[in-house]
There are 2 protein chains.
Amino acid sequence: MIQQYPSQLLEKAVDEFAKLPGIGRKTALRLVLHLLRRDADEVERFVGAVGKLRREVKYCSVCHNISDGDVCPICSDHSRDGATICVVENVQDVMAVEATMQFHGLYHVLGGVISPMDGIGPGDIEIDSLVERVARGGVKEVILALGSTMEGDTTNFYIYRKLAPYDVRLSVIARGISVGDELEYTDEVTLGRSIQNRTLFDGK
Amino acid sequence: MIQQYPSQLLEKAVDEFAKLPGIGRKTALRLVLHLLRRDADEVERFVGAVGKLRREVKYCSVCHNISDGDVCPICSDHSRDGATICVVENVQDVMAVEATMQFHGLYHVLGGVISPMDGIGPGDIEIDSLVERVARGGVKEVILALGSTMEGDTTNFYIYRKLAPYDVRLSVIARGISVGDELEYTDEVTLGRSIQNRTLFDGK
């Protein structure tokens, strides 16, 4: 419905916002008009922070997570267990696992999963560097914590084959019913996995 | 849940995105990580377009709509009816009315509505400049096209009193059931208004 912009500057800014995922032209216009109502220095802060991040972003040379320095705070924390590596797809996943406070090892951020449909092969993600970390020794367990999708499963299997020559325990996070879920609303594959992977109930 | 950012640059960019209306921290992170995956010059184009708009934005000296020049394309279009002014709250509303292709007059963009709760009084929006436009003569009709809210009604009434001394027809857009709506799902106030404001049915 909305097509005629009164200003080319406005239209260009809307165009740029509308390129972001999940942002349609109507939302883009609303966001741009919101920025127009804000103080000029607040908007400079917004564009400054985004531009600076893109120009100066670094990735941890160990785990490939986003980092301000050469090595990220997690990899340089010597109180963490360097013998256990949790393999995740992206930064959000590191933050999600950290939020559980159940993991005290290090991470390896693949930066994606193998997805032939999207043209992403093993060479496009950080698998070789994972193998190198393991080959260097000192790693006892690699935990695969990718999403439970076709692409995640493919990537798990590829890593499994790549790590086969090394003396390292390879595990995968449990698939099962979510905490708080009713059985009747759980899909049958998940429910089947949760029965296969049942654990001993010790009354706790 | 998500709190520990691996990078301060990342966190600052997320902070800025999360200040936008309707964007939570999780969405902000997703948008920022999307920008990180894009080419650096694409991101420069994004921040450039937004920054340039905020720095160089102008408002039409006649109708106060956003404009690249001193007078907007609508106000400088002499084929339009300068005797009819449609009063709207903001830029989106101009675009929405334009999209109907039912209006061929000029606009007056208030830049808000009177809202004591938000500390917005008559002096904070472009009412005086509307009165000046009418006082200058040549205006036959002012159409009030504000939202059907308490604030819109208050603003309508304030403009009504301000324009009372002038020989100008004041009208308000019709309130009624939406095209495609069922009667049983229409609220009673709207339905009542649609009966009060019924128009002659001529079979068309």
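Mentor: Within protein, a polar contact is a pair of N or O atoms within 3.5 Å, of which one must be able to donate a hydrogen and the other to accept it. In this predicted model, eight residue pairs, both at pLDDT 80 or more, are in polar contact across the interface of chain B and chain A.

Trainee: Which elements of chain B give two or more residues to the side that touches chain A?

Mentor: They are α1 (8–18), α2 (25–37), α3 (40–56), β2 (66–67) and α4 (91–100) of chain B. Among these elements α3(B) gives the most, with 15 residues, and the residues of the whole side divide into 32 nonpolar, eight polar and 14 charged.

Trainee: What makes the meeting of A:E44 and B:R55 a salt bridge?

Mentor: The side chains of A:E44 and B:R55 come to 2.9 Å, N to O, and because the cut-off from a nitrogen of Arg to a carboxyl oxygen of Glu is 4 Å, the pair qualifies. The count between chain B and chain A is two salt bridges.

Trainee: Why are α3(A) and α3(B) called roughly antiparallel?

Mentor: The two helices pack at an angle of about 175 degrees, with their axes 10 Å apart. Angles over 145 degrees count as roughly antiparallel, and α3(A) and α3(B) therefore earn that description.

Trainee: Which residues of α3(A) meet α3(B)?

Mentor: Including A:A40, A:V43, A:F46, A:G51 and A:R54, they meet residues of α3(B) such as B:V47, B:V50 and B:R55. The residues of this contact divide into ten nonpolar, two polar and six charged.

Trainee: How many square ångströms do chain B and chain A bury between them?

Mentor: They bury about 5100 Å², 73% of it on carbon and sulfur atoms. Of the area that chain B buries against chain A, B:L9, B:R54 and B:M95 supply 14%, more than any other three residues.

Definitions and conventions: Residues numbered from 1 in each chain as written. Chains lettered and ligands numbered in written order. Predicted model: local features only at pLDDT ≥ 70, side-chain atom pairs only at ≥ 80, totals over all residues. Heavy atoms only, no water. Buried area = accessible area lost by both parts, 1.4 Å probe. Polar contact = N/O pair within 3.5 Å; in protein donor to acceptor, adjacent residues only side chain to side chain. Helix = DSSP H or I, 4+ residues; strand = E, 2+ residues; numbered from the N terminus. Nonpolar A, V, L, I, M, F, W, Y, C, P; charged D, E, K, R; others polar. Axes fitted to C-alpha atoms, helices over the stretch in contact; angles between N-to-C directions. Parallel < 35°, antiparallel > 145°, perpendicular 65-115°, else oblique. Contact = heavy atoms within 4.5 Å.
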